[in-house]
Amino acid sequence: MKCPNCSSKDIGKIGSHQYYCWGCFIELTVNGDKMSVYQVEEDGTLSSLDDLFFGDESMQDFSQIHLS
Ligand SMILES: [Zn+2]
């Protein structure tokens, strides 16, 4: 599994469906075949980055990410 943002392989598992990228400090949440990306704000809240990563054009790319 690589980070969709920075391509780092330094991904830590923080929950049954949650991962954290130590390269760019974003949180990845996996729901079945759907992956969501969140940025962790300074106050601990999560803001979705899905609009940046999962537009129609990029959807095909991310279908190739295989979760280990
Ligand atoms: Zn990253």
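Helices, in the sense used here, are DSSP runs of H or I that are at least four residues long, and they are numbered from the N terminus. By that rule F53 is found in helix α1, a helix that covers residues 50-53. The structure described below is a predicted model, and its secondary structure comes to 2 helices and 5 strands. The briefing starts with the overall layout and then turns to the zinc site, the nonpolar core, an aromatic pair and two residues of the helix.

**Overall layout**

- Reading from the N terminus, the elements of the protein follow the order β-β-β-β-β-α-α, so that the strands precede the helices, given that elements are numbered from the N terminus.
- The protein has 68 residues, and buried residues make up 32% of them.
- About 4,800 Å² of the protein is exposed, and carbon and sulfur atoms supply 46% of that area.
- If one takes the contacts between residues at least 6 apart in sequence, 17% of them join residues at least 24 apart.

**The zinc site**

- The zinc ion has as its protein donors the SG atoms of C3, C6, C21 and C24, which lie 2.2 to 2.3 Å from the ion.
- Along the chain, these donors follow the spacing C-x2-C-x14-C-x2-C.
- The arrangement is tetrahedral because the 4 donor atoms around the zinc ion subtend angles of 106 to 112 degrees, and four donors count as tetrahedral if all angles lie between 85 and 135 degrees.
- Two of the donor residues can be described by their accessibility: C3 is buried, with a relative accessible area of 3%, whereas C6 is partly exposed, with a relative accessible area of 33%.

**The nonpolar core**

- In soluble globular proteins, nonpolar side chains tend to be buried together.
- The largest nonpolar core in this model has 11 residues, namely C3, I11, Y19, C21, I26, L28, V30, M35, V37, L49 and F53.
- The elements that contribute two or more residues to this core are β2 (18-21), β3 (26-31) and β4 (34-40), and the largest share, 3 residues, comes from β3.
- C3 and C21 are listed both among the core residues and among the donors of the zinc ion.
- L49, another member of the core, touches I26, V37, Y38 and Q39, when residues up to four places away in sequence are not counted.

**The aromatic pair**

- The count of aromatic pairs comes to 1, and this pair is formed by Y20 and W22 in an edge-to-face arrangement, with 4.9 Å from centre to centre and 70 degrees between the planes.
- Y20 counts as buried because its relative accessibility is 15%, and buried means under 20%.
- W22, by contrast, is partly exposed, with a relative accessible area of 48%.

**Two residues of helix α1**

- F53, which is found in helix α1, is buried, with a relative accessible area of 10%, and this residue is also listed in the largest nonpolar core.
- The C-alpha atoms of F53 and N5 are separated by 7.8 Å, although the two residues are 48 residues apart along the chain.
- D51 is found in helix α1 as well, but D51 is exposed, because its relative accessible area is 77% and exposed means over 50%.
- Between the C-alpha atoms of D51 and S36, which are 15 residues apart along the chain, the separation is 9.6 Å.

Terms used
Residues are numbered from 1 along each chain as its sequence is written. This is a predicted model: local features need pLDDT of at least 70, side-chain atom pairs count only at pLDDT 80 or more; totals for chains, interfaces and linings use all residues. Side-chain values use heavy atoms; hydrogens and water are left out. Donors are N, O and S atoms within 2.8 Å of the metal (3.2 Å for Na, K and Ca); water is not among the atoms, so sites may look incomplete. Four donors count as tetrahedral if all angles lie between 85 and 135 degrees; four count as square planar and six as octahedral if opposite donors are over 155 degrees apart and all others between 65 and 115; anything else is irregular. Buried means under 20% relative accessible area, exposed over 50%, partly exposed in between (1.4 Å probe, protein chains only). A nonpolar core is a set of buried Ala, Val, Leu, Ile, Met, Phe, Trp, Tyr and Cys residues joined through side-chain atoms within 4.5 Å. Contact means heavy atoms within 4.5 Å. Rings of Phe, Tyr and Trp (its six-membered ring) pair if their centres lie within 6.5 Å; planes under 30 degrees apart count as stacked, over 60 as edge-to-face and the rest as tilted. Accessible areas come from the Shrake-Rupley method with a 1.4 Å probe; for residues, only the protein chains shown count as cover.
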